[in-house]
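Please find below some notes on the complex, set out as numbered points for discussion.

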Amino acid sequence: MTTQASSSSQAAQTSASRASASQTSDERVVHVLEFPGGYTRSTGPVIGRFLTGLRSGRLFGVRMPDGRVLVPPTEYDPQTAAALGTADEDWVEVGPAGTVTTWTWVDDPRPDHPLDRPFAWALIRPDGADTALLHAVDSGSKAAMATGMRVHPTWRAERTGAVKDIACFAPGEGPAEVPALVPAPDGEAELEPVSMVTLPHRLEYRLRGGTVWNHFIDGMAVGQIRGTRCAKCGKVFVPPRGACPGDGVPATEWVDLPDTGVLTTFAVNNVPAAGAPEVPFISGYVLLDGADIAMLALVSDVPWQEVRIGMRVRGVWVPDAERTRSVKNLKWFAPTGEPDVPFEQFEEYV
Amino acid sequence: MGNRCAVIGVGQTKYRTKRADVSLAGMVREAALAALEDAGLTFADIDSVVVGKAPDMFEGVATPELYLADALGAVGKPMMRVHTAGSVGGSTTLVGASQVQAGLHERVLVVAFEKQSESNATWALSTHSPFSASLVVGAGGYFAPYIRAYIRRSGAPANIGMMVAVKDRINALRNPYAHLKIPNIDLAMVEESMMLWDPIRYLETCPSSDGAVAMVLASERAAEAAGAATGRPPAWVHGAAMRSEPMGMSGRDSVDPRAGRDCAADVYRQAGVTEPRRQFATAEVYVPFSWYEPMWLENLGFAEKGSGWKLTEAGATAFDGDIPWNPSGGVLSSNPIGASGMIRFAEAAQQVRGQAGEHQVAAAVDGSRLALGHAYGGGSQFFAMWAVGARKP
């Protein structure tokens, strides 16, 4: 069965509503990228010294060859590329009070903002510095903010050697009291200088699959694998492509494919990873009957030692009642028991 | 090919599992300063900076080139970042070279790096695409099926991959910058190592490394001046090319990609190479999994299709063979991913400059033969190569 593109979006909607009344083809998928535990950053000696200062409740800048003082320090002179902060006398304690050089107001703080009430993001030039650092100012109201206003840091007790060791800046000269470190350092042992920080990142996307992918998924929801055919070269792509990668023209014709094919090649995976199947698992390329490109899939229901290039396989699906609008409906491919296909017959698809 | 271009300075960090003593910027700068020193120059002499690294998920730093401008003396100069996955070190070099060949700049600093210890490459390469399941774990999971297909297609004996794994690690013992040093390595040790992605064993894979590499590329005039001042000869670019192809194209040969063949053919045409095995003295080729040596021997025309493994088996690619491949120890011995391609290009340059130290291939120096630098990336989609020689093209 083939369907022209002009009617495919209608077909997609039809099969989507068949799959589940509560889901539509325009459903967005949440996609999260987050390295477990967070990225580390080796700080190097200059940034490390600045962060070590923050942990002890002190702000340090570094002097450039022209005499100006950079806060936060940089490792290299932005003008001459010379290494900075290599000698002790290049380090200058600044502030703690300073002057707001410019600012913007945040009416609705976000969950990861430093304050849970309206506040200002401000550039603050600590006394004795020639540059400004970015931080939050807890002024109470927008009306209380002004360029040129004096502010001082509010230090946390739980300081780890991070810019958040300063909870925020507050209006006025201070005093900027530094509470004793919590937890208290262990006996007389010196705290090690900061040389490494951990920075969790989380990127959360909400993505639309697009017309072609949605029609494919709507097929998977009812146990039907669908591909597209290029009008120019006639090749059938599965998973479907909106345009032929070889000819660059729209692939407009839909093709229903069987769930049988040949295993063109494979790997036996012994490396465990979150989200991946239990090891050992076999990932391989299955050239479905009638398709012109092999599809990446799992192979199972067979001891890994018996998996062969050229093995005939058939899709194994989740039971009808468990089907969702997902590629995961097709669990894996299993051997059909038919004779193997000679390598020469599918070599060009490897 | 435009104006003449040459390598006048090379700098490398020592490749390590973890460089906790420096920031990313400090590590990159170490390589850049070493390259400048080799060229007898300072940042002030550089007209343009080109940097390259692997995908941002590796360290989680978006647009690292902005952060690195201070460290690389790029303030007030053109600076850009190149991004072609694992081949990026090669393409970064060639983007820099094109600025010289086009007559835009006299001296260009190219730098490539990776600080893999800040995250985990297998994780960064296994972030499945939004609408599909996670079926591949790491680069090895991706490439293992193609290696299996190569073995089936060529009929190569099972020990060829192990032979490459041993050869490159023995070569690494002569390279002071190499990461892996396994003095007692032999076939039995490789064979006994864990099968990670069958048919790829643990010792048939590349390590995860922190490190950076830099080169100073120069115009003919600047190269002659630098060579006279330092006494270290330039490496002249005789041919350079890049090619790419889509990952999922019907009829695409993922084992022997056309983009690789076309890229090599372009470089050879520029350099006048018709018999690669005879006209190159040595080759530094991107071999992250041992079986890629015989695969690329065929793809790059050093052997007929189906017979690349015979060169490996006969010892032709060993340090004392007629065409040594990866005398530095290669990617199998050091792999700061974004830098790995540029290290191949830089090692090829060092060979024809006579600056390769203990792993110097004697035949590379006299100027009668060239050296090949090669990089590939993505799903064998991106290729970058150059041919360099001691004589002007």
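1. Helix H3(B) is mostly covered, since Val88(B), Gly89(B), Gly90(B), Ser91(B), Thr92(B), Thr93(B), Leu94(B), Val95(B), Gly96(B), Ala97(B), Gln99(B) and Val100(B) are buried, which amounts to 12 of its 14 residues. A residue is buried if 20 or more other C-beta atoms, placed from the backbone, lie within 10 Å of its own. Helices (H or I, at least four residues) and strands (E, at least two) are DSSP runs numbered from the N terminus.

2. The model is predicted: local features need pLDDT of at least 70, side-chain atom pairs count only at pLDDT 80 or more, and totals for chains, interfaces and linings use all residues. Residues are numbered from 1 along each chain as its sequence is written, while chains are lettered from A and ligands numbered from 1 in the order in which they are written.

3. Chain B averages a pLDDT (the predictor's confidence in each residue, from 0 to 100) of 95, and 99% of the residues score at least 70. For the complex the predictor gives an ipTM of 0.91 and a pTM of 0.93.

4. Just after H3(B), Gly103(B) adopts a positive phi of about 80°.

5. Between the chains, 52 residues of chain A are in contact (C-beta atoms, placed from the backbone, within 7 Å) with 50 residues of chain B. On the side of chain A that touches chain B, the largest share, five residues, comes from S17(A).

6. S17(A) also pairs with strand S5 (residues 195–198) of chain B in the antiparallel sense, over two bridges; strands pair if DSSP finds at least two bridges between them. In S5(B), Asp198(B) is the bridge partner of Val268(A).

How values were computed:
Two residues are in contact if their C-beta atoms, placed from the backbone, lie within 7 Å.
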